[in-house]
Amino acid sequence: MNLEPGLTAVVTGAGSGIGRALVHRLLDEGLHVVAADVEAAALDETVAGTEAAAVVTDVSDPDAVEAPAAAPHTRFGA
């Protein structure tokens, strides 16, 4: 995978563990990040003090997945 500054990534499960670590790593690499998780409080902790966009999302609901998919266009214009 070629990760370059300015690209946009959407990370699900971003509220904890590997998802949270991935969000911070991608931000460190200069990417725009949309962080998605079902737990709002945990998601807020992940994105606190960063430029990442947070979208509360239950990925088990196909209709709910539209929100993080649209977030890059709304937040980053990408």
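# Exercises on a predicted model

At 54% relative accessibility, Glu45 counts as exposed, a value that comes, like every other one below, from a predicted model.

**Exercise 1.** Find out how many salt bridges the structure holds, and describe the pair that Glu45 forms with its partner.

*Solution.* The count comes to 2 salt bridges in the structure. In one of them, the side chain of Glu45 meets that of Arg20, with 3.6 Å from N to O. This pair links distant parts of the chain, since Glu45 belongs to helix H2 (residues 40–47) and Arg20 to helix H1 (residues 17–28), 25 residues apart. As a background to this step, side chains of opposite charge can pair when their charged atoms come close. Arg20 has a relative accessible area of 24% and is therefore partly exposed.

**Exercise 2.** Describe the salt bridge between Glu29 and Arg25, and decide whether Arg25 is buried or exposed.

*Solution.* Begin with the distance: the side chains of Glu29 and Arg25 meet at 3.1 Å, N to O. Then turn to the accessibility of each residue, for which the cut-offs are under 20% for buried and over 50% for exposed, with partly exposed in between. Arg25 has a relative accessible area of 52%, so Arg25 is exposed. Glu29 has a relative accessible area of 32%, so Glu29 is partly exposed.

**Exercise 3.** Work out which side chains of strand E1 (residues 8–12) are buried, and state in which sense E1 and E2 pair.

*Solution.* Follow the side chains along E1, where they alternate between two faces. Ala9 and Val11 point to one face and are buried, whereas Thr8, Val10 and Thr12 point to the other and are not. Next, look at the neighbouring strand in the pairing: E1 and E2 pair in the parallel sense, over 5 bridges. Within this pairing, Val10 has Val34 in E2 as its bridge partner.

**Exercise 4.** Carry the analysis over to strand E3 (53–56), and say which residue stands opposite Val56.

*Solution.* The side chains of E3 also follow an alternating pattern, in which Ala53 and Val55 point to one face and are buried, while Ala54 and Val56 point to the other and are not. Strand E2 (residues 32–37) pairs with E3 in the parallel sense over 4 bridges. In this pairing, the residue that stands opposite Val56 is Asp37.

**Exercise 5.** Decide whether Val47 is buried or exposed, and then do the corresponding step for Ala48.

*Solution.* First place the two residues: Val47 lies in helix H2, and Ala48 is found in the loop between H2 and E3. Val47 has a relative accessible area of 11%, so Val47 is buried. For Ala48 the relative accessible area is 53%, and Ala48 is therefore exposed. To finish, consider separations in space: the C-alpha atoms of Val47 and Ala14 are 8.9 Å apart, although 33 residues separate them along the chain, and the C-alpha atoms of Ala48 and Pro68, 20 residues apart along the chain, are separated by 18 Å.

**Exercise 6.** Locate Asp63 in the chain, and name the residues that gather with Asp63 in a patch of negative charge.

*Solution.* Asp63 sits in the loop between strand E3 (53–56) and helix H3 (66–76). Because its relative accessibility is 66%, Asp63 counts as exposed. On the surface, Asp63 gathers with Asp58, Asp61 and Glu66 in a patch of negative charge.

Key: Residues are numbered from 1 along each chain as its sequence is written. This is a predicted model: local features need pLDDT of at least 70, side-chain atom pairs count only at pLDDT 80 or more; totals for chains, interfaces and linings use all residues. Side-chain values use heavy atoms; hydrogens and water are left out. Patches are made of residues with over 30% relative accessible area and no salt bridge: like charges are joined within 9 Å, nonpolar side chains (Val, Leu, Ile, Met, Phe, Trp, Tyr) within 5 Å. Accessible areas come from the Shrake-Rupley method with a 1.4 Å probe; for residues, only the protein chains shown count as cover. A salt bridge is a side-chain nitrogen of Lys or Arg within 4 Å of a carboxyl oxygen of Asp or Glu. Lys and Arg count as positive and Asp and Glu as negative; His and the chain ends are not counted. The place of a charge is taken as NZ of Lys, CZ of Arg, CG of Asp or CD of Glu. Buried means under 20% relative accessible area, exposed over 50%, partly exposed in between (1.4 Å probe, protein chains only). Two strands pair if DSSP finds at least two bridges between them.
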